[in-house]
Amino acid sequence: MENTLLVGLSKQVALERQLDVISNNIANVNTSGFKAEKSIFEEYLRTNAHEDNFVGADKRVSFVQDRATWHDLAQGSTQLTNNPLDLTIDGDAFFVVQAQGGERYTRNGSFQINNTGQLVTTDGNVVQGTAGPITLQPGDSDLTVSGDGTVTVREAGNPQANSVRGKIRVASFDRPQQLVKSGSNLFSAPAGVNAAQATTSRVIQGAVEKSNVSSVGEMTKMLEVMRTYTSIAQILQQQNDLQKTAIERLAEVPA
Amino acid sequence: MRALHTAASGMLAQELNVQVIANNIANMRTTGYKKQTAQFQDLLYEHVRRIGAQASDQGTILPVGIDIGGGVKTVGTPRSMSQGTLAQTGNDLDIAIRGEGFFKILLPSGSFAYTRDGSFQLDAQGRVVTSQGNPVQPTITIPQNASGTTINAQGQISVTLPGQTAATVVGQIGLTRFINKAGLLSIGDNLFQETPASGAPQDGLAGADGAGDMQQGNLEQANVEAVSEMSDLIAAQRAYEMNSKVVSAADQMLQSTSGMFR
């Protein structure tokens, strides 16, 4: 008889966690390069009891277990900014940055230049090129990034010609789901997951990739979670009333 | 319930976003103003089930884990240092810079500041000063009896003195470059100051080293685009609303829990 309560509770715990995931997605609806998280649930069957007097199909009880969250790596919408240091990747690849603790991967291409002329993220992590950081010289102007990530500038001493300042490294993964989010718009690769040079993606200059959170979808899911939670709470309450009535009735001693 | 705090972080971030947009719109007509953009990042994740953890003694590993994020944070409000459009004023001492450089200004404290606002005036001594009366560097004094002030693309100021037919060069306004213009510190009054992030100032002249050239009789308008600010404002407002809906959803769920057993 307690099964109803426990099954309901398992669903409520799962729903609370789903709401946590949804609220994080909605909080990041304006975060450049953010990738939404989705929840997966699965049925958890209780094992059969050995000394079981009941027969038939009604003895199996299934609980809900939250199984996983996965990254929705779909391309976010592109917002034109016309800022030469705003880059977007068209395709399923990542920019490589050097953060504390090693290489990290990001889809947020709103870069800056630091005091030594290196291309960095807003956090100051150095963006990696195919041969070390991209470093600009004093006097460089008209920064252009081509589709394959090659950075060219007009040098102060030689304004006619394009001088190459490096090529931005764009990494892709066989199984990008294995990447772990480490906050600050960064993904880290667990041991054994290696980045390969991306071949099919393209770098676009003057645009940033917005968050790929679908606000309508998230709001709908949120309502669904809320309503399910409330209706389970109601079921639990009814079950409780039932038990209460049962106890009261059974305890009535006929005079 | 964690969702409450996550949504609160989203509301805070969007509030700041609206603040930045409001400042951009307020300064739409400020000469030499450079717009700011709020940038956000996701907060730390709690890895409830870590990706790649061992799932059984057969060596199978979890292909996906459970990552619960904690919300959003603001990481910076960098300025977009793109060129603003030039507006003709016809005023002799209005100078616009086309290019990368900044005017260098001497503050009363003795330190230097940098600006893109070239609406200059003359003070009582005939020095070229900003609207606040701070002299432009290097200090240039225009003789009292001079007429026909002309400023060329290199920043040379020439005047015609009485009784002379040829113009006399009285000085040249310098331009200063920074390797990271976005790293300058705004101190208000359209002025910027150098920081460790901007790199050391490189004093130079207009027309050299990519510092840009000068346009007399023009002023550089703010680089704020009304349309994009308005659409950003709408996006920020809606995001704020959605986050507040999450707060009320989490609140209702808590309410139904607390009202479960009478």
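**Group meeting: chains A and B**

Okay, let's start with a pair of helices: H1(A) and H1(B) are roughly parallel to each other. That phrase has cut-offs: angles under 35 degrees count as roughly parallel, over 145 as roughly antiparallel, 65 to 115 as roughly perpendicular, and the rest as oblique.

Before I go on, a bit of housekeeping. This is a predicted model, where local features need pLDDT of at least 70, side-chain atom pairs count only at pLDDT 80 or more, and totals for chains, interfaces and linings use all residues. Residues are numbered from 1 along each chain as its sequence is written, and chains are lettered from A and ligands numbered from 1 in the order in which they are written. As for scores, the model gets ipTM 0.71 and pTM 0.80. Chain B has an average pLDDT of 89, with 99% of its residues at 70 or above; pLDDT is the predictor's confidence in each residue, from 0 to 100.

Back to those helices. H1(A) covers residues 3-27, and it packs against H1(B) at an angle of about 0°, the axes being 8 Å apart. The axes are lines fitted to C-alpha atoms, for helices over the stretch in contact, and angles run from 0 to 180 degrees between N-to-C directions. When I say helix or strand, I mean DSSP runs numbered from the N terminus: H or I with at least four residues for helices, E with at least two for strands.

Which residues of H1(A) meet H1(B)? They are A:Leu19, A:Asp20, A:Ser23, A:Asn24, A:Ile26 and A:Ala27, and on the H1(B) side we find B:Arg2, B:Ala3, B:Thr6, B:Ala7, B:Ser9 and B:Gly10. Contact here means that the C-beta atoms, placed from the backbone, lie within 7 Å. By class, this contact has five nonpolar, five polar and two charged residues. For the classes, Ala, Val, Leu, Ile, Met, Phe, Trp, Tyr, Cys and Pro are nonpolar, Asp, Glu, Lys and Arg are charged, and the others, Gly among them, are polar.

Now the other helix pair. H2(A), residues 215-251, packs with H2(B) at about 10°, and their axes are 9 Å apart. That angle is why H2(A) and H2(B) also get called roughly parallel. From H2(A), the residues in this contact include A:Met219, A:Met222, A:Met226 and A:Tyr229, and from H2(B) they include B:Met242, B:Val246, B:Ala249 and B:Met253. Nine of the residues in the contact of H2(A) with H2(B) are nonpolar, five polar and one charged.

Let's zoom out to the whole interface. How many residues does each chain put into the contact? Chain B gives 62 and chain A gives 53. On the side of chain B that touches chain A, the elements with two or more residues are H1 (2-26), S1 (39-42), S2 (45-49), S3 (66-69), S4 (72-76) and H2 (226-258) of chain B. The top contributor to that side is H2(B), with 13 residues. Split by class, that side of chain B has 29 nonpolar, 26 polar and seven charged residues.

Next, domains, whose bounds come from an automatic or database domain assignment. In chain A, domain 1 is 3-73 + 222-248 and domain 2 is 78-209. Taken over C-alpha atoms, their centres are 42 Å apart. Eight residues of domain 1 of chain A and twelve of domain 2 of chain A make the contact between them. Chain B splits into domain 1 (2-28 + 39-76 + 225-258) and domain 2 (86-220), with 45 Å between their centres, again over C-alpha atoms.

Last stop: sheets. In chain A, three strands make an open sheet, ordered S11-S12-S13, with antiparallel pairing. Two strands pair if DSSP finds at least two bridges between them. The edges are S11 (141-145) and S13 (163-167) of chain A, each pairing on one side only, and the twist averages 20° from one strand to the next. S11(A) and S12(A), residues 150-154, are joined by three bridges, and A:Val145 has A:Val151 as its bridge partner.

Chain B also has an open three-stranded antiparallel sheet, S11-S12-S13. Its edge strands, S11 (147-151) and S13 (168-172) of chain B, each have a single partner strand, so one side of each is left without a neighbour in the sheet.

And one hairpin to finish: S15(B), residues 185-188, pairs antiparallel with S16(B), residues 191-193, over three bridges. Two residues sit between those strands, and B:Asp189 takes a positive phi near 55°.

Technical notes:
Two residues are in contact if their C-beta atoms, placed from the backbone, lie within 7 Å.
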